[in-house]
Amino acid sequence: MKPLARYAALNSYIEVSQAVGLEPARLLRGAGLDPASLALQDRWVPAGAVARLLELSAVESGQQDFGLLLAERRRFANLGPLSLVIREEPDVRSALTVLIRHEHMYNEALRMRMSVLNGLATIRVGFEFGEQTETRQATELALGTLHRLLLGFLGSLWQPLAVCFTHHAPADPGTHRRLFGSAVKFEQEFNGVTFYADDLDAPNKMSDPLMRNYAYQILDTLEPPRESTVLNRVRELIELLLPTGRCSVEQVARSLGVDRRTIHRQLSDEGETFSSILNATRTELAENLVATHRYTLTEIADLLSFSSPGNFSRWFRGQFGCSPSQWRNREQREA
């Protein structure tokens with residue numbers, strides 16, 4: 001299965017893309033992503049789609065520093081529940097160890113490795129998307145975010161010895177120089193950051209020892225298994241693809257990097273079919289959407305990928321025993 005990433009990877013995408021003259025909704029849909037779902041930071045989407053979106057955004061805007069512009073807006077909270085643990089680690093070494101050990105909690109494609117040798121610490125960054133995908137912008141976003149995290153631990157005056165990129169320098173390296181100073185280097189052997197190993201022992205001033213155990217208890221309840229089930233991944237993708245009108249077993253299979261027979265077989269092993277998951281997902285979404293007045297019933301039919309409002313109404317009556325309008329009126333009376 002192809003790896004997934006949290007929508008939090010695109011935090012501030014709309015603001016940055018609009019600032020450089022792009023139409024974010026069009027680009028998101030073109031990458032197979034749902035613009036409205038950006039508000040759902042913990043939802044998982046194909047990591048390769050996120051990387052392709054970043055590359056396309058850089059090309060269309062002419063901003064070779066697009067990934068760094070996103071990184072500038074990153075905060076601890078963008079790591080989701082993991083940020084609660086990292087903030088309470090006693091020193092930089094333990095905080096980075098947690099960050100690297102649990103990288104799968106925010107991006108399954110991301111690979112970070114830390115090494116210490118001859119007084120120097122190096123954190124290397126890479127990606128495994130399971131497909132041929134350009135990674136320049138994703139790499140710059142990841143390294144820019146890591147740099148900001150280190151600044152949060154070590155202070156705004158801290159500087160690394162080197163911030164290395166394997167790709168060539170952009171035509172205008174102004175943003176890179178502004179963020180990394182003279183430490184930035186291009187056409188290197190690896191993507192990563194190097195700094196004095198002594199920095200790893202610096203105390204984390206944000207840490208509260210009394211909160212650390214509570215943070216780990218929260219992490220234990222929230223951390224997903226390293227290998228998400230096929231059922232969960234298919235359900236997430238169906239919910240993502242329904243509003244695009246391209247929700248099919250073939251499209252889901254392509255997003256997961258397998259063929260449709262593999263999807264059918266693995267779902268069968270879990271006692272499900274693609275149709276049963278599709279229907280269950282539509283039922284859950286329809287109940288929530290019809291109960292509110294944010295969308296018309298015609299718009300809801302489109303969002304749930306029905307060919308016409310009439311087909312949606314017939315399906316809805318079969319699921320709930322009444323028409324969508326009757327359901328909405330009843331919910332309004334009971335509110």
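These notebook entries record what I looked up in a predicted model.

**Entry 1: the sheet**

I began with the strand order. The model holds an open sheet of five strands, in the order 3-4-7-5-6 and with mixed pairing. I noted strand 3 (110-117) and strand 6 (184-185) as the edge strands, each of which pairs on one side only.

I then looked up individual pairings. Strand 3 and strand 4 are antiparallel and are joined by eight bridges. Within this pair, Arg111 has Gly126 of strand 4 as its bridge partner. The hairpin of strand 3 and strand 4 has two residues between the strands, and Asn118 there takes a positive phi near 55°. At the other edge, strand 5 (residues 162-164) and strand 6 run parallel and are joined by two bridges. Val163 has Val184 in strand 6 as its bridge partner. For reference, strands of a sheet pair through backbone hydrogen bonds, either parallel or antiparallel.

**Entry 2: helices on the sheet**

Which strands does helix 7 touch? I found that helix 7 (residues 136-154) packs on the sheet and touches strand 3, strand 4, strand 5 and strand 7. Its direction makes about 145° with that of strand 4. Helix 6 (residues 92-101) lies across strand 3, strand 4 and strand 7 (192-196), and runs at about 150° to strand 3.

I took Thr139 as a sample residue of helix 7. Thr139 has a relative accessible area of 2%, so I recorded it as buried, the cut-off being under 20%. Beyond its neighbours within four places in sequence, Thr139 contacts Phe127, Phe165 and Asn191.

**Entry 3: a surface patch**

I next looked at nonpolar residues on the surface. Leu120, Leu161 and Tyr196 form a nonpolar patch there, with about 270 Å² of accessible area together. Leu120 belongs to strand 4 (residues 120-127). Leu120 is partly exposed, with a relative accessible area of 32%.

**Entry 4: Phe66**

Is Phe66 buried or exposed? Phe66 is buried, because its relative accessible area is 0%. Phe66 lies in helix 4 (residues 66-71). Setting aside residues up to four places away in sequence, I listed its contacts, among them Tyr13, Val16, Val20, Leu22, Leu54 and Gln137. I also checked the separation of Phe66 from Thr175, which is 109 residues apart from it along the chain: their C-alpha atoms are separated by 9.6 Å.

**Entry 5: helix 11**

Why is helix 11 described as largely enclosed by the rest of the structure? Six of the eight residues of helix 11 (residues 249-256) are buried, so I accept that description. The buried residues are Val249, Gln251, Val252, Ala253, Ser255 and Leu256. I traced their packing to strand 2 (44-46), helix 10 (230-241), helix 12 (260-269) and helix 13 (274-291).

**Entry 6: positive phi in loops**

Most residues other than glycine have a negative phi. I therefore noted two loop residues with positive values.

- Glu187 has a phi near 55° and is placed in the loop between strand 6 and strand 7. Glu187 is exposed, with a relative accessible area of 61%.
- Ser305 has a phi near 65° and is found in the loop between helix 14 (297-303) and helix 15 (309-320). Ser305 is partly exposed, with a relative accessible area of 24%.

Conventions: Residues are numbered from 1 along each chain as its sequence is written. This is a predicted model: local features need pLDDT of at least 70, side-chain atom pairs count only at pLDDT 80 or more; totals for chains, interfaces and linings use all residues. Side-chain values use heavy atoms; hydrogens and water are left out. Helices (H or I, at least four residues) and strands (E, at least two) are DSSP runs, numbered from the N terminus. Buried means under 20% relative accessible area, exposed over 50%, partly exposed in between (1.4 Å probe, protein chains only). Contact means heavy atoms within 4.5 Å. Patches are made of residues with over 30% relative accessible area and no salt bridge: like charges are joined within 9 Å, nonpolar side chains (Val, Leu, Ile, Met, Phe, Trp, Tyr) within 5 Å. Accessible areas come from the Shrake-Rupley method with a 1.4 Å probe; for residues, only the protein chains shown count as cover. A salt bridge is a side-chain nitrogen of Lys or Arg within 4 Å of a carboxyl oxygen of Asp or Glu. Two strands pair if DSSP finds at least two bridges between them. Axes are lines fitted to C-alpha atoms, for helices over the stretch in contact, and angles run from 0 to 180 degrees between N-to-C directions.
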